[in-house]
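Please take a moment to look over the sequence and the fold before reading on, and keep both in view as the explanation moves from one part to the next.

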Amino acid sequence: MKKYVNCFVPYVDKAQIEQTVNGLKEASVVNKIYLLATDKSVGSVEGCEIIHIDSLKSSATIKKIATVATEKYSLIYTKESTLVLGLFALERMVKIAQDTSAAMIYANHFQIAKGVKKQAPVISYQKGSLRDDFNFGSLLFYNSEALKAAAESMDSNYIHAGIYDLRLKVSQKGELVHINEYLYTEVEQDTRKSGEKIFDYVDPKNRAVQVEMEQVCTSHLKKIGGYLEPKFKEIEFNKGNFEVEASVIIPVYNRIKTIEDAIKSVLIQKTSFKFNLIIVDNHSTDGTYELIEKYASDPRLIHVIPERKDLGIGGCWNIGAHHPKCGKFAIQLDSDDVYSDQNTVQKIVDAFYAQNCAMVVGTYMMTNFDMEMIAPGIIDHKEWTPENGRNNALRINGLGAPRAFYTPVLREVKVPNTSYGEDYALGLNISREYQIGRIYDVLYHCRRWEDNSDASLDIVKMNDHNTYKDRIRTWELMARISLNKRDK
């Protein structure tokens with residue numbers, strides 16, 4: 001068979017690379033193997049050529065790869081652990097690449113974690129799969145022509161975002177095709193639970209990485225017509241007749257361990273205006289209903305049991321927001337969590353008027369069940385700027401907490417009736433036309449414990465969540481592209 005493929009593999013030492021290289025040499029389609037080494041003192045490996053790099057993820061490394069990528073396809077392996085190819089795996093990738101004219105191919109695979117081998121299915125790429133942590137697996141199979149064109153168009157030298165920049169630029173050249181077949185095995189070294197991984201993008205120590213990723217995504221959005229300039233609709237805050245200025249809305253289902261703390265943190269709020277608390281109890285069966293009723297004597301508490309039994313968290317939010325007692329501003333509090341002090345509601349309402357926004361997002365602190373701070377600590381989403389926040393929102397997986405909304409806008413847009421991603425979808429939609437205000441004081445304690453909805457998800461559920469959020473981004477991106485075309 002013709003030799004179609006150049007391979008590029010991270011190189012630490014001979015012991016680390018030996019099995020991977022031997023497997024690549026056995027593939028009939030492989031022409032040449034390049035070892036990417038950050039250490040200039042590493043020894044040579046028979047049948048391989050060493051390329052010295054600064055970092056696997058840098059723009060400089062991508063450009064070096066493009067320079068020597070002489071065959072039709074280029075395989076980039078992104079892990080320093082062993083790669084084991086399945087039978088005729090690369091031959092299969094070549095076949096699919098030829099049949100589809102894909103710009104990049106990636107595949108399902110197996111993972112070995114803590115000595116256990118498991119299936120690791122990945123999801124299909126969409127136009128809205130803009131997040132920099134999209135999981136392709138560790139084997140990226142590029143059409144070299146697309147790779148070279150992308151590298152040639154790189155006009156910034158990134159330290160951390162080179163591979164991300166490559167992926168987005170390649171996606172402008174052609175399709176990124178998912179082979180839902182298990183073609184290789186990789187060793188997974190990050191064995192944390194899903195609930196521990198999801199906050200990596202807002203960890204303060206990763207700030208420099210996030211700045212680069214934002215720059216890459218913004219450039220991509222400008223190229224494909226999805227970028228929105230910082231021009232927003234003005235709000236006069238005079239729509240509707242509201243009995244109170246603000247309502248805190250808590251959807252709840254079977255949270256007897258935490259709901260009382262949440263209620264107390266609302267009822268102690270000190271404000272210069274009237275507010276109430278709307279609890280939408282989604283037919284709890286564990287005593288949550290009875291616990292809420294302990295506070296029924298407080299006229300500020302409105303305990304709602306929906307007639308419908310098909311509601312997710314988003315549906316419960318719609319019930320609360322459309323309740324006749326809902327205030328001018330609807331403020332989020334999850335049934336697991338608490339406000340940090342007595343001034344949260346006042347600060348949020350003040351921010352609406354000061355920043356003329358339809359939505360406000362605060363800052364929160366990660367805590368354990370006992371509300372003691374845990375890593376990564378304070379999550380402030382400082383990457384959200386008035387100028388570019390709504391563009392960068394298409395890259396990240398969440399907007400922060402607590403969230404609050406100008407109720408007339410919330411009622412118009414409405415919340416998707418799901419129990420995951422509903423707040424993100426709402427924020428993207430609102431930000432298309434309106435400014436989202438920010439508060440950088442800690443307003444909220446976000447509890448992490450075993451009953452959180454995303455504490456420890458299996459890979460199938462994680463893929464389901466990620467597919468939905470990518471779909472949300474795809475819809476929003478399409479809407480923004482259409483908006484820009486209409487406004488030209």
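What follows is a walk through a helix, several charged pairs and a hairpin, in a model that is predicted.

A good place to begin is helix H15, which covers residues 459–487 and so counts 29 residues. From its first C-alpha to its last, helix H15 reaches 41 Å, which is close to the 42 Å expected at 1.5 Å a residue. At the N-terminal end of H15 sits Asp458, which caps the helix: one of its side-chain oxygens lies 3.2 Å from the backbone nitrogen of Val460.

Within this helix the reader can also find a charged pair, since Asp464 forms a salt bridge with Lys461, and the closest N and O atoms of the two are 3.9 Å apart. Because they are three residues apart in helix H15, Asp464 and Lys461 are separated by about one helical turn. Asp464 has a relative accessibility of 44% and therefore counts as partly exposed, and Lys461, at 38%, counts as partly exposed as well. Salt bridges that share partners also join Arg131, Asp133, Asp470 and Arg473 into one network.

The structure holds 23 salt bridges, and two further examples show how the partners can be placed along the chain. Asp99 forms a salt bridge with Lys95, with the closest N and O atoms 2.6 Å apart; both residues lie in helix H3, residues 89–100, where they are four residues apart, about one turn of the helix. Lys95 counts as partly exposed, because its relative accessibility is 41% and partly exposed residues are those between the 20% limit for buried and the 50% limit for exposed.

The side chains of Glu49 and Lys32 also meet in a salt bridge, at 2.8 Å from N to O. This pair links distant parts of the chain, with Glu49 in strand E3 (residues 48–52) and Lys32 in strand E2 (residues 30–37), 17 residues apart. Glu49 is partly exposed, with a relative accessible area of 33%, and Lys32 is likewise partly exposed, with a relative accessible area of 31%.

The last stop is a pair of strands, E15 (residues 359–367) and E16 (residues 373–379), which run antiparallel and are joined by three bridges. Thr367 stands opposite Met373, a residue of E16. Strands E15 and E16 form a hairpin with five residues between them, and in the turn Met371 has a positive phi of about 65 degrees.

Terms used: Residues are numbered from 1 along each chain as its sequence is written. This is a predicted model: local features need pLDDT of at least 70, side-chain atom pairs count only at pLDDT 80 or more; totals for chains, interfaces and linings use all residues. Side-chain values use heavy atoms; hydrogens and water are left out. Helices (H or I, at least four residues) and strands (E, at least two) are DSSP runs, numbered from the N terminus. The expected span of a helix is 1.5 Å times one less than its number of residues. A polar contact is a pair of N or O atoms within 3.5 Å; within protein, one must be able to donate a hydrogen and the other to accept it, and residues adjacent in sequence count only if both atoms are side-chain atoms. A salt bridge is a side-chain nitrogen of Lys or Arg within 4 Å of a carboxyl oxygen of Asp or Glu. Buried means under 20% relative accessible area, exposed over 50%, partly exposed in between (1.4 Å probe, protein chains only). Two strands pair if DSSP finds at least two bridges between them.
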